[in-house]
Amino acid sequence: MSVQEVPTRPRWLRELFVPTHWSFLLGPVAVIAFVVLLLTGVVLTFFYQPSTELVEYDGSAALYAGRELPAAFSSVVTIEEDVPGGLLLRRVHRAASYLFVAALLLHALRVLLAGAFRGRRFVNYLVGLVLLALALALGWTGQNLVYDVVTGSSVRIGYTIAASIPYVGTELADLVFAGPDVDDVVARLFWLHVLLLPVAFLLGLAAHLWLVVSHRHTVLPRRRDTDGRWLVAVPTGVGLRSRAAQLVALVCALLVLAATLVPFGDVTHIGPFLPGVAGNDMYPDWYLFPMEGAILLLPAVDVTVLGATITNPLLGGVLLPAALGGAALLWPLLEALFRRRSPAEQDLSEHPFHAPVRVAFVALLVTVTVLLSLGAASDVIAQVIGAPVATVIRVLRASLVVAPPVLALLAYWYARRRSRQQPA
Amino acid sequence: MTGVRPGAAGDRLRRPVPVGVGAVAAALLVAFVAGVFLDWPTSALGLALTGALLAVAVVVGQVRGPVARELVWPDERCPGDAPVATAAAAAVATPVRRRWVLGGLGGLGVGALTGVGLLAWSGRDGGPVTAWRRGVHLVTAEGQRIRAADVPVGGFGTVWPEGSVRADLSAVVLVRLATQEAQPPTVLDWVVGDRIVAYSKICTHAGCPVGLYQEDTDSLFCPCHQATFDAARGAVPTFGPASRPLPQLPLGVDGDGFLVATDGFPTPIGPVRG
């Protein structure tokens, strides 16, 4: 078989859509979910009102008939109850946001584990981290537009975390959130969610994809040639477009089916935000659990150093997430110092087991994130196992110190054993 | 190269099964659009659209070619493209890019420093302002003044300054202690009848409303992050992430027996700022 017979397809497609391994499809799935979010989001803005003024609800939801509701919440109820197909539209938007963040997180994990951040691809790895942060910001601003009972606390927590930054926190928080009053925040979040953040994400995404094409996608090693060079698996380009189209259709079908079966984010029975009201089961969307858990699990701190007050929201909401993000950011640099590889080898998608220290590092990151997420649900855990909340929190605090290093060591040992069984 | 003929995909599309599935897709899509206008239930709309998309996926799958990958050397991934090593070398050999990157980073740094300086210079306020003043009555959400004698055990979850009902940051939790009389560090002058105390409802940890009062321990409890305060002892934090007590509202009784604030909050309410 000679290479010249392969029908050529545009190079950008061959680099951006590489169906030689399922994990290479996580990025494309995230992009598809983002496009679904853009399309459904545009339609949602036709009906949404970014206002907290009290209006009399005159839609068909019996629960709210004749009641005074904040305009934002009222318009969300109207979308669900009275806009044709509106309930499905909202649920698809919500389901797509979950798939979007999940695919991004798994994509980042794949890139880390496979060493696809090495060499010239480091720049694009940084762009990817920025995109991940933007995606979380998009999710947070979006879920608070609903102006339900959770919004009040969620916005207040966000403001507190921003205001806890020494010296500039209060001014920064006022700048971003337009003041500590929850009423003022929704209009600001609306423009962040529908204009500023999506445009920033689109620009970042364009840069990310352009860099993927110009750096070229990493390739799966298959076996060694007789002279010791790697042979790699690459798509020939045949059937690539139809496969991409098939993936789009399947992801969309999955989203619509999920939205049909699961009531993602339905607000009818949650109730609007009213000042002074708090429920017992108020949680942000799952991808914010690590941050929520961090400010819950870390102990009370109140120290003033050089005029800066260090408190729990600063530690858990700013410094700990920054440390996790910073560790992920600096890891490629550390690896470049201690684990040198030739440029040709950096183009190969490595099997994780062949880099045991990296596996240990990822295990550390994942364990911390999962334990913090469990912390956000500590009251639910307490209910399920029938123990006092305080006990659950103390156990989680202890495991936050003990478990990450232990699991990292275990992961290192296991990866090393596997890599010895199957040497590269 | 095996099995790829010109027009092969077209041939397969003309077989009866893809045509049938394509027709189903079209029918379901029409049904979905009609359903939107006819106001069908969400489940019917969703299932129609799911079916249409799955049918589209099946039809598109028929166009797929049989060979998707091959084994080559890394340098020969795409005929006609420059080898990877050359591309990498070219990227390193352009110092102009590095200058741009460094310049850009420097510019960003200067911009960020300027922004931070401007923010820090723009001055700070003394925390959120509440509507509590000397002589402002405590009222329920319906605007009713509250008689000290009428406060039940446990008290009211939320009371407001008269004239500013539902002014978010002025929310106050009014408690009649269940198991004991108020003790220091509660300011005893601000307690009515030894047991009625009022604290700011805004949690000093992250600003959530302190929603729950547990009678058996006289503790106030924030549902967001499990911060717990001792209502009988000046609302000092007893468990969880809060580091400062809830500010106590100076409470008194007017000539008619209604609860009234004798002053504003002595300390700023809400979370500590950096």
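A contact here means heavy atoms within 4.5 Å, and with that in hand the tour can begin with the chains as wholes. This is a predicted model, in which local features need pLDDT of at least 70 and side-chain atom pairs count only at pLDDT 80 or more, while totals for chains, interfaces and linings use all residues. Residues are numbered from 1 along each chain as its sequence is written, chains are lettered from A and ligands numbered from 1 in the order in which they are written, and side-chain values use heavy atoms, with hydrogens and water left out.

**The two chains**

Select chain A and colour it by secondary structure, taking helices (H or I, at least four residues) and strands (E, at least two) as DSSP runs numbered from the N terminus; 15 helices and six strands should appear. Among the contacts of chain A with a separation of 6 or more, 74% come from residues 24 or more positions apart. Of its 424 residues, 54% are buried, where buried means under 20% relative accessible area, exposed over 50%, and partly exposed in between (1.4 Å probe, protein chains only).

Switch to chain B, which has five helices and 11 strands. Buried residues are 42% of the 274 in chain B, and residues at least 24 apart make up 54% of the chain B contacts between residues at least 6 apart in sequence.

**Helix H11 of chain A**

Next select residues 312-338 of chain A, which form helix H11, and look for a kink of about 35 degrees at A:Leu330, shortly before the proline A:Pro332. The bend at a residue is the angle between axes fitted to the seven residues ending there and the seven starting there. The buried residues of H11 in chain A include A:Asn312, A:Pro313, A:Trp331 and A:Pro332. Among the elements of chain A that cover the buried residues of H11 are helix H4 (86-114), helix H10 (289-297) and helix H13 (356-376).

**From A:Asn312 across to chain B**

Which side chain is joined to that of A:Asn312 by a polar contact of 2.6 Å? The partner is B:His205; a polar contact is a pair of N or O atoms within 3.5 Å, where within protein one must be able to donate a hydrogen and the other to accept it, and residues adjacent in sequence count only if both atoms are side-chain atoms. B:His205 sits in the loop between strand E5 (196-200) and strand E6 (212-214) of chain B, and its relative accessibility is 3%, so B:His205 is classed as buried. Leaving aside residues up to four places away in sequence, show what B:His205 touches: A:Thr160, A:Ile295, A:Asn312 and A:Pro313 in chain A, and B:His225, B:Pro241, B:Ala242 and B:Pro271 in chain B.

**Cysteines of chain B**

Staying in chain B, select B:Cys208 and B:Cys224, which are joined by a disulfide with S to S 2.2 Å, the criterion being a pair of cysteine sulfur atoms within 2.5 Å. B:Cys208 lies in the loop between E5 and E6 of chain B and B:Cys224 in the loop between strand E7 (219-221) and strand E8 (228-230), so the disulfide ties together parts that are 16 residues apart in sequence. The torsion about the S-S bond of B:Cys208 and B:Cys224 is -95 degrees, and the link is left-handed; both cysteines are buried. A search over all chains finds one disulfide.

Now add B:Cys203 and B:Cys222: the sulfur of B:Cys203 has its closest cysteine sulfur in B:Cys222, at 4.0 Å, which is too far for a bond. B:Cys203 is buried, at 0% relative accessibility.

**Aromatic rings and a charge**

Rings of Phe, Tyr and Trp (its six-membered ring) pair if their centres lie within 6.5 Å, with planes under 30 degrees apart counted as stacked, over 60 as edge-to-face and the rest as tilted; the count is 18 aromatic pairs over all chains. One of these joins A:Tyr283 and A:Phe289, whose ring centres are 6.3 Å apart and whose planes stand at 50 degrees, so the pair is tilted. A:Tyr283 is partly exposed at 26% relative accessibility, whereas A:Phe289 is buried at 18%. Then select A:Tyr98, A:Phe264, A:Trp286 and A:Tyr287, which form one aromatic cluster.

Finally, return to chain B and select B:Arg147, which lies over the face of B:Phe258 at 4.6 Å from the ring centre; a charge sits over a ring if NZ of Lys or CZ of Arg is within 6 Å of the ring centre and within 35 degrees of the ring normal.
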